[in-house]
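Hi there,

Here is the structure I promised to pass on. Have a look at it first, and my notes follow below.

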Amino acid sequence: MKPETLFDESHCTQCACGEGLDFSLTFAFQPIVDVVNKSVYAYEALVRGPEGEGAMEILGRVNEKNRYAFDQICRVKAVKLAARLGMQALLSINFMPNAVYKAEYCIRTTLAAARTYNFDTSKIIFELTEGEDLSSVDHLVSIINAYKEMGFSTAIDDFGAGYSRYNIMMASPPDLLKLDMALVRNIHEEPNKQAVVAGIIAMMKMLGGYIVAEGVEVEEEYFWLRSQGISLFQGYLFAKPGFECLPEPYYPA
């Protein structure tokens, strides 16, 4: 291996764009399943503390000064752990748009980590959480376009959570759109939710992307969503997040 391809994790703990981190983190992985093929389509990397502390406790320590370092370290550690676990499915990593000042520069540590840990970058999905407010939609669109040009897949997480990104859907639609669990919960009993979700499904079909129904907890929710043609699912019905492991999913009959 050439010296320039070696990666030192300490390089991303302190940087010119912000301060380093004074806390440790790791990941749990939850499968996104393809129920048609009964296979794992991807695993989402969910941030955790080293003792299994929840995501909110870790995210509560992120601030304006350490946001860039946090975003970079999360990418590197997710790739490293996925490689160590022998992940064959896609790896879905959440990113913070407000921590990305220019996609081409901020992706460098991710690419270096992938080379070091021998992880195929074409297997990476970058997820934007819809609940994060942004000052510039143009900035987000530039990130999505740059990631697409680099061969990454993109996803909008928690769609319907409050900041509906229809302007982004028109400017640069993602490969995947993940329905927020608030839309999914008890959808088999709520006609208004069914109408909204049916419209979202039709929109993504016309845009050439795919829907992921996340937060599915009971079979009644699953069967209604499946009847609408959705084939990608995530939620406790299939598997709970596995702390530093890849849980085997359950597939409804």
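A good place to start is helix α2 and helix α4: the two pack at an angle of about 15°, with their axes 9 Å apart. Angles under 35 degrees count as roughly parallel, and α2 and α4 are therefore roughly parallel to each other. Please keep in mind that this is a predicted model.

In the sequence, α2 covers residues 67-84, while α4 covers residues 108-116. The crossing of α2 past α4 is right-handed. On the α2 side, the contact is made by Q72, R75, V76 and V79; on the α4 side, T109, T110, A113 and A114 take part. Sorted by type, the residues of this contact are four nonpolar, three polar and one charged. An α-helix has 3.6 residues a turn, so residues three or four places apart point the same way.

As for α4 itself, its buried residues are T109, T110, A112, A113 and A114. After α4 comes N118, which has a positive phi, near 60°.

Now to the interior. The largest nonpolar core has 66 residues, and L179, L225 and F233 have the most contacts inside it. Helix α2 turns up again here, giving the most to this core with eight residues. If you would like one residue to zoom in on, try L225: leaving aside residues up to four places away in sequence, L225 touches L179, V184, I187, V197, A213, V216, I230 and F233. Another core, of eight residues, lies apart from the largest one, and includes A42, I125, A155 and L176.

Happy browsing, and best wishes!

Methods. Residues numbered from 1 in each chain as written. Predicted model: local features only at pLDDT ≥ 70, side-chain atom pairs only at ≥ 80, totals over all residues. Heavy atoms only, no water. Core = buried A, V, L, I, M, F, W, Y, C linked by side-chain atoms within 4.5 Å. Buried < 20%, exposed > 50% of the residue type's maximum accessible area, 1.4 Å probe, protein only. Helix = DSSP H or I, 4+ residues; strand = E, 2+ residues; numbered from the N terminus. Contact = heavy atoms within 4.5 Å. Axes fitted to C-alpha atoms, helices over the stretch in contact; angles between N-to-C directions. Parallel < 35°, antiparallel > 145°, perpendicular 65-115°, else oblique. Left-handed = near helix turned anticlockwise from the far one by under 90°. Nonpolar A, V, L, I, M, F, W, Y, C, P; charged D, E, K, R; others polar.
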